[in-house]
Amino acid sequence: MHLLQSQRVRVCCMVWLLAACSPAADVVIDDAWIRAAPPGAHMLAAYGTITNQRGDEIVIQGVESAQFASVSVHESLEINGTATMRPAGDLRLAPGQSIDLRPGGLHFMLMGPTAEFDRTQQATIRLLFDDGSATEHRFSTSDPATPTR
Ligand SMILES: [Cu+2]
C-alpha cells in the first residue's frame, strides 16, 4: 500500500513536469537571425517569425538573454519622416498565429553585450510568458550584405 502510494505521487509529478514544460516545444521561431554589427556595437537587433503552435493564446511579457544586459521588444516606426522606435509591449499570439520580426517593424533590441559579440556568434534568447513559463531560442548572426536580407 505504502509503495503504491509513493509510486502514484511520482507519476503525478512527472505528468505535472511534462505539462509545465510543454510550451517549450510549441512556440517556435523560424529564420531567427541577428543583424551583424561592427565590433564593439552596443545595440543589436534580432529578427524571425514567431509561431504559436499551442492550443491556447500565448502572451510574451518579456525577453532576456545571458549574453546581453537587456533585451526588449521594439517596434520601428516613422514619425514626420524620422525613423524611430518604441517599446512594443506584450506580444499576444492566438493559437496558430505567427508574427514577423523584421527590419523596419517589430524586433528584439539587444542592448549591452555582456562579452564581445562578434559576427560569427549565436545568441540564446529566452521568451518569458505570462504564465511564468519560458522558451529558449537560438539566433544566428547574419551579415547585412547577404542578398536575401
Ligand atoms: Cu529597437
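Read along the sequence, the predicted chain follows the order α-α-β-β-β-β-β-β-β-β-β-β. Two helices and ten strands are present. Of the 149 residues in the chain, 21% are buried. Contacts between residues at least 6 apart in sequence were also examined by separation; 67% of them join residues at least 24 apart.

Confidence varies along the model. The average pLDDT of the chain is 85, and 79% of the residues score at least 70. Over residues 11-16 the pLDDT falls below 50, and this stretch has zero contacts in the model beyond near neighbours in sequence. Residues 19-23 also have pLDDT under 50. For residues 19-23 the model has five contacts beyond four places in sequence. Where pLDDT is low, predicted coordinates should not be read in detail.

The largest nonpolar core holds 23 residues. Ile34, Ala46, Val71, Phe108, Leu110, Ile125 and Phe139 touch the most other members. At least two core residues come from each of β1 (27-35), β2 (43-52), β3 (58-64), β4 (68-79), β8 (106-113) and β9 (122-129). The greatest share comes from β1, which gives five residues. Isoleucine 125 is one of the core residues that touch the most other members. Beyond its neighbours within four places in sequence, isoleucine 125 is in contact with Ala46, Val63, Ser65, Val71, Phe108, His137 and Phe139.

Phenylalanine 117 lies in a loop, the one between β8 and β9. Phenylalanine 117 is nevertheless buried, because 22 other C-beta atoms lie within 10 Å and the cut-off for burial is 20 or more. Outside its neighbours within four places in sequence, phenylalanine 117 is in contact with Leu44 and Gln67. Histidine 42 and phenylalanine 117 are 75 residues apart along the chain. Their C-alpha atoms are separated by 9.4 Å.

Two residues were examined for backbone phi. Most residues other than glycine have a negative phi. Aspartate 31 is not a glycine, yet has a positive phi of about 55°. Aspartate 31 sits in strand β1. The residue is partly exposed, because 15 other C-beta atoms lie within 10 Å of aspartate 31, a count between the limits of 12 or fewer for exposed and 20 or more for buried. Asparagine 80 likewise is not a glycine and has a positive phi, of about 50°. Its place is in the loop between β4 and β5 (82-87). Asparagine 80 counts as exposed, because it has 5 C-beta neighbours inside 10 Å and the exposed class covers 12 or fewer.

The strands on either side of asparagine 80 form a hairpin. In this hairpin of β4 and β5, two residues stand between the strands, and asparagine 80 takes the positive phi near 50°. β4 and β5 pair in the antiparallel sense, over six bridges. Histidine 74 stands opposite proline 87 in β5. β4 supplies at least two residues of the largest nonpolar core. As for β5, zero of its six residues are buried, so this strand lies largely in the open.

Conventions: Residues are numbered from 1 along each chain as its sequence is written. This is a predicted model: local features need pLDDT of at least 70, side-chain atom pairs count only at pLDDT 80 or more; totals for chains, interfaces and linings use all residues. Helices (H or I, at least four residues) and strands (E, at least two) are DSSP runs, numbered from the N terminus. Two residues are in contact if their C-beta atoms, placed from the backbone, lie within 7 Å. A nonpolar core is a set of buried Ala, Val, Leu, Ile, Met, Phe, Trp, Tyr and Cys residues joined through C-beta atoms within 7 Å. Two strands pair if DSSP finds at least two bridges between them. pLDDT is the predictor's confidence in each residue, from 0 to 100.
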